[in-house]
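Colleague: Could you take me through one part of this model in detail, and then show me how the rest is arranged around that part? I'd like one connected account rather than a list.

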Amino acid sequence: MKKITMSLENELANTAPERIEANNISKSFTTERGKVLALDNVSVKVGEGEFVCLVGPSGCGKSTLLNLIAGLDQPDSGQILANGENITGPGRDRMVMFQEHALFPWLDVRGNVLFGLCLKPGLNSKERQEVAKYYLHLVGLEKFERANIHELSGGMKQRVALARALAPNPRVLLMDEPFAALDALTREHLYGDIQRIWEARRKTIIFVTHNVREAACLGDRVLLFSPNPGRIRAEFRIDLPRPRDINSVELARYSTEITTALKGFTTAQGQEASE
Ligand SMILES: Nc1ncnc2c1ncn2[C@@H]1O[C@H](COP(=O)(O)OP(=O)(O)O)[C@@H](O)[C@H]1O
Ligand SMILES: [Mg+2]
């Protein structure tokens, strides 16, 4: 077998972000309530290094789309491409981060980040340690590398999950409501961190949330979904400089505009997303 050698410097250099294209995606599930059309002919293009937020009330197909892009599931019809190539399964180019941190409680903080590096060939043990250290530093947890997971706050756990997702140096980061379970103050810190990390690491990010303000704070674009069947109904470009402050007046204007549109699409179904 060919031996892959890679210097640490190369390892930590940014990988080129990917362009993601979902064309005419439909996906249905059979449930006790009958057949649910989770995505109905949905098309999305996300540019290289773009930060796109998917917003909408619960059940409108956001996670379904993210899972399809992650390669964790297949659409009934339509095509999902990464840099023009079909996505056939999960892999380290597209890492997912969920609302629940999904860390391994039997591993310490560093062990969890090292686990992410299992997906990465060509690194010796010392290099793995250094890569893990680099990402723990990036998320502000270098002092906690030997801590147990149960000793950490919710925000710290999500930071570890972020370091673990970043460690294999993916081209795309798929985030499914990663901050939804956190308190407002912790979330505000993380909005700053994720913007800083995105600028430093230049990933394509697709970020799912039901929080409109969060979407306006983070995204280059916000795509608005509505349920039954899951469809994209509107798109908003957020032309604000970064770093953005979630409490700024300019941002509030965008979030009001998006919320108004969202209410128009969802009141008929009696559902609302939070502002
Ligand atoms: N594995 C599954 N089995 C059955 N139904 C599912 C499954 N995944 C999603 N659904 C249904 O598809 C719809 C969209 O779900 P989801 O993508 O999770 O929405 P969101 O993430 O926007 O809340 C919902 O009605 C949900 O119940
Ligand atoms: Mg979801």
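**A close look at helix 8**

Modeller: Helix 8 is 18 residues long, and its first and last C-alpha atoms are 25 Å apart, close to the 26 Å expected at 1.5 Å a residue. Keep in mind that this is a predicted model.

Which residues of helix 8 are buried? They are Tyr254, Ser255, Ile258, Leu262, Phe265 and Thr266. Looking down the axis of helix 8, you find these buried residues within an arc of 95°, so they line one face of the helix. The general rule behind such a pattern is that an α-helix has 3.6 residues a turn, so residues three or four places apart point the same way. On helix 8, the face turned away from the buried side carries exposed residues, namely Val249, Arg253 and Thr260.

So much for the helix alone; now for what it sits against. The cover over the buried residues of helix 8 includes strand 3, helix 7 (212-218), strand 9 and strand 10. As for direction, helix 8 (residues 249-266) lies across strand 3, strand 9 (221-226) and strand 10, and it runs at about 20° to strand 9.

A good residue to pick out here is Arg233, which belongs to strand 10. Is Arg233 buried or exposed? It counts as partly exposed, because it has 15 C-beta neighbours inside 10 Å, whereas a buried residue needs 20 or more. Leaving aside residues up to four places away in sequence, Arg233 touches Leu224, Phe225, Ser226 and Phe265. Phe265 is also among the buried residues of helix 8. Another buried residue of that helix is Leu262: 29 residues separate Arg233 and Leu262 in sequence, yet their C-alpha atoms are 8.8 Å apart in space.

Now step back to the sheet that these strands belong to. It is an open sheet of six strands in the order 6-7-8-3-9-10, and the pairing is mixed. Strand 6 and strand 10 (231-237) are at the edges with a single partner strand each, so each has one side without a neighbour in the sheet. On average, neighbouring strands of this sheet are turned by 20° against each other, ignoring direction.

Strand 3 is part of the cover for helix 8, and its pairing with strand 8 is worth a look. Strand 3 (residues 51-55) and strand 8 (residues 204-209) run parallel, joined by five bridges. Within that pairing, Val55 has Thr209 of strand 8 as its bridge partner.

At the far edge from strand 10 comes strand 6. Strand 6 pairs with strand 7 (residues 172-176) in the parallel sense, over four bridges, and Val96 has Leu174 in strand 7 as its bridge partner. In a regular strand the side chains alternate between the two faces of the sheet. Strand 6 (residues 94-97) is covered on both faces: Arg94 and Val96 are buried on one side, Met95 and Met97 on the other.

For a comparison with helix 8, try helix 4. The 14 residues of helix 4 (residues 125-138) should span 20 Å at 1.5 Å a residue, and its end C-alpha atoms are indeed 20 Å apart. Its buried residues are Arg128, Val131, Ala132, Tyr135, Leu136 and Leu138. These cover an arc of only 155° around the axis, which puts them on the same side of helix 4. Their packing partners are helix 1 (8-12), helix 3 (109-116), helix 5 (154-166) and helix 6 (184-201). After helix 4 comes Gly140, with a positive phi near 80°.

There is a second sheet too, open, with four strands in the order 2-1-4-5 and antiparallel pairing. Its edge strands, strand 2 and strand 5 (85-86), each pair on one side only. Strand 1 and strand 2 form a hairpin with two residues between them, and nine bridges join these antiparallel strands. Helix 2 lies across strand 1, strand 2 and strand 4, at about 120° to strand 1.

That brings us to the ligand. Which residues come nearest to ligand 1? Of the 13 around it, they are Phe29, Ala38, Lys62, Ser63 and Thr64. Strand 1 (20-31), strand 2 (34-46) and helix 2 (62-70) are the elements that give two or more residues to this shell, and helix 2 contributes the largest share, three residues.

Terms used. Residues numbered from 1 in each chain as written. Chains lettered and ligands numbered in written order. Predicted model: local features only at pLDDT ≥ 70, side-chain atom pairs only at ≥ 80, totals over all residues. Buried ≥ 20, exposed ≤ 12 C-beta atoms within 10 Å, placed from the backbone. Pairing = 2+ DSSP bridges. Expected span 1.5 Å × (residues − 1). Arc of directions from axis to C-beta. Contact = placed C-beta atoms within 7 Å. Axes fitted to C-alpha atoms, helices over the stretch in contact; angles between N-to-C directions. Near = placed C-beta within 6 Å.
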